[in-house]
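Open the model in your viewer and keep the selection panel at hand. The tour goes from one element to the next.

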Amino acid sequence: MKLVQRVEELRAARAGLARPLGLVPTMGALHAGHLSLVRRARTECASVAVSIFVNPTQFGPRDDLQSYPRDLEKDLELLRPEGVDLVWAPEVHDLYPSESQTWVTVEGLTQGLEGERRPGHFRGVATVVTKLFHAFEPQRAYFGQKDAQQASVIRRMARDLLFPIEVVVCPTLREPDGLALSSRNRMLSTEERKAATVLSRALRAASEAFAAGERDAERLRQAMRTVLASEPRARPHYVSAADPETLEELEGIVDRALLSMAVAIGATTLIDNVIVGSSEQLAAGS
C-alpha cells in the first residue's frame, strides 16, 4: 500500500495501477462502513485507491470542522489488511491552492434536506469530488447510502460533467442496536450514544407503518416524529419523506419514499435514512 500526499506523486503512482481502478473517497476516521466500501471495490476492481481528506469547504460556520476526528495512522492500519493499493492524504493547499476561484454547483437536488440546513455544503462536496475524480481517474467510485443526498448529488454531477465513472452506492452498515455507522458517533458521550438509537428506531417505525399499509406521506413523517419526541436528548433538524429520485418532499399518497432525518444529539448532528416501497437502491443513493 503506497501513501502519497502531493498530486504529482498521486498521478505517478496512479499510472502504474491496473485497471479498472476503484476509488473510495473518505474524510478519514475510518470505521467498518468505510471498510465495506473498500471490500466492495476490491471484489469489482483490479486496483483500489482511498482518499483521506477532511474537506473544509463542506463545513459551514456552525459545523464541527475543528473537532472532526482525525487519526491518519489508525486509518492506515485499518486499510493495510484490505488490499488497498494507493492512499492519497493531501493537505488543504494540495487541493485548494491559494488562488482557487472555481467551484462546482449542482442545483435542484441540493436545495432541501442537508442543503437547506447547511448552505454551501454540497458546493464543497461536489467541488472536492470533482477534483478527486480528475486526480485519480477511476472507473468506479464507492459511496454509502447513509449519505443519500450526497450520493444523489454526486451521481448527477458525474452524469452532467460527463465523467466516465460508475458511482456505486452501497448499503448502510449499522451497529447491532441499529445505529448507522458514522465517524461522528465517536463524538458522542456514553449517554448520547444510547440516545442516538432513536434515529433508527424512528425510521423503523415509519418503515413498519408503510409495510402495514400506510401510504400517506405526512403520516409517515409523523410516525418518525413521534418516536423522536420520546427521546429528550434528540433535537430534530428535519424529518422527511421525499421522492427517492428528485428528493422533493412528498404529499398525499405515495408508493415509494426516501425517509430521512437529521437529529442533534448533544453537540453532534447525525443523519440516517431508509427507502421504502422498492427493493432496489434508487437514484437517491445508498
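Which hand does the β-α-β unit made by β5, helix α7 and β6 have? Select residues 148–160 for helix α7 and show this helix with its two strands: the unit is right-handed. Keep in mind that this is a predicted model.

**First stop: β5 and β6**

Select residues 140–144, which are strand β5. Add residues 166–170 for β6. The two strands run parallel, and five bridges join them. For one facing pair, pick Y142 in β5 and V168: Y142 stands opposite V168 in β6. Now colour β6 by accessibility. This strand is mostly covered, with four of its five residues buried.

**Second stop: the sheet β7-β8-β9**

Move on to the open sheet. Three strands form it, in the order β7-β8-β9, with antiparallel pairing. Select 234–242 for β7 and 268–276 for β9; both stand at the edges. Each has a single partner strand, so one side of each is left without a neighbour in the sheet. On average, neighbouring strands here are turned by 10 degrees against each other, direction ignored.

Next, select residues 257–265 for β8. Nine bridges join β8 to β9, and these strands run antiparallel. Label I265 and T268: T268, in β9, is the bridge partner of I265.

**Last stop: helix α10**

Which helix packs on this sheet? Select residues 217–229: helix α10 packs there, touching β7 and β8. Draw the directions of α10 and β7; the angle between them is about 160 degrees.

Methods: Residues are numbered from 1 along each chain as its sequence is written. This is a predicted model: local features need pLDDT of at least 70, side-chain atom pairs count only at pLDDT 80 or more; totals for chains, interfaces and linings use all residues. Side-chain values use heavy atoms; hydrogens and water are left out. Buried means under 20% relative accessible area, exposed over 50%, partly exposed in between (1.4 Å probe, protein chains only). Two strands pair if DSSP finds at least two bridges between them. A crossover is right-handed if, with the strands pointing away from the viewer, the path from the first strand over the helix to the second runs clockwise. Axes are lines fitted to C-alpha atoms, for helices over the stretch in contact, and angles run from 0 to 180 degrees between N-to-C directions. Contact means heavy atoms within 4.5 Å.
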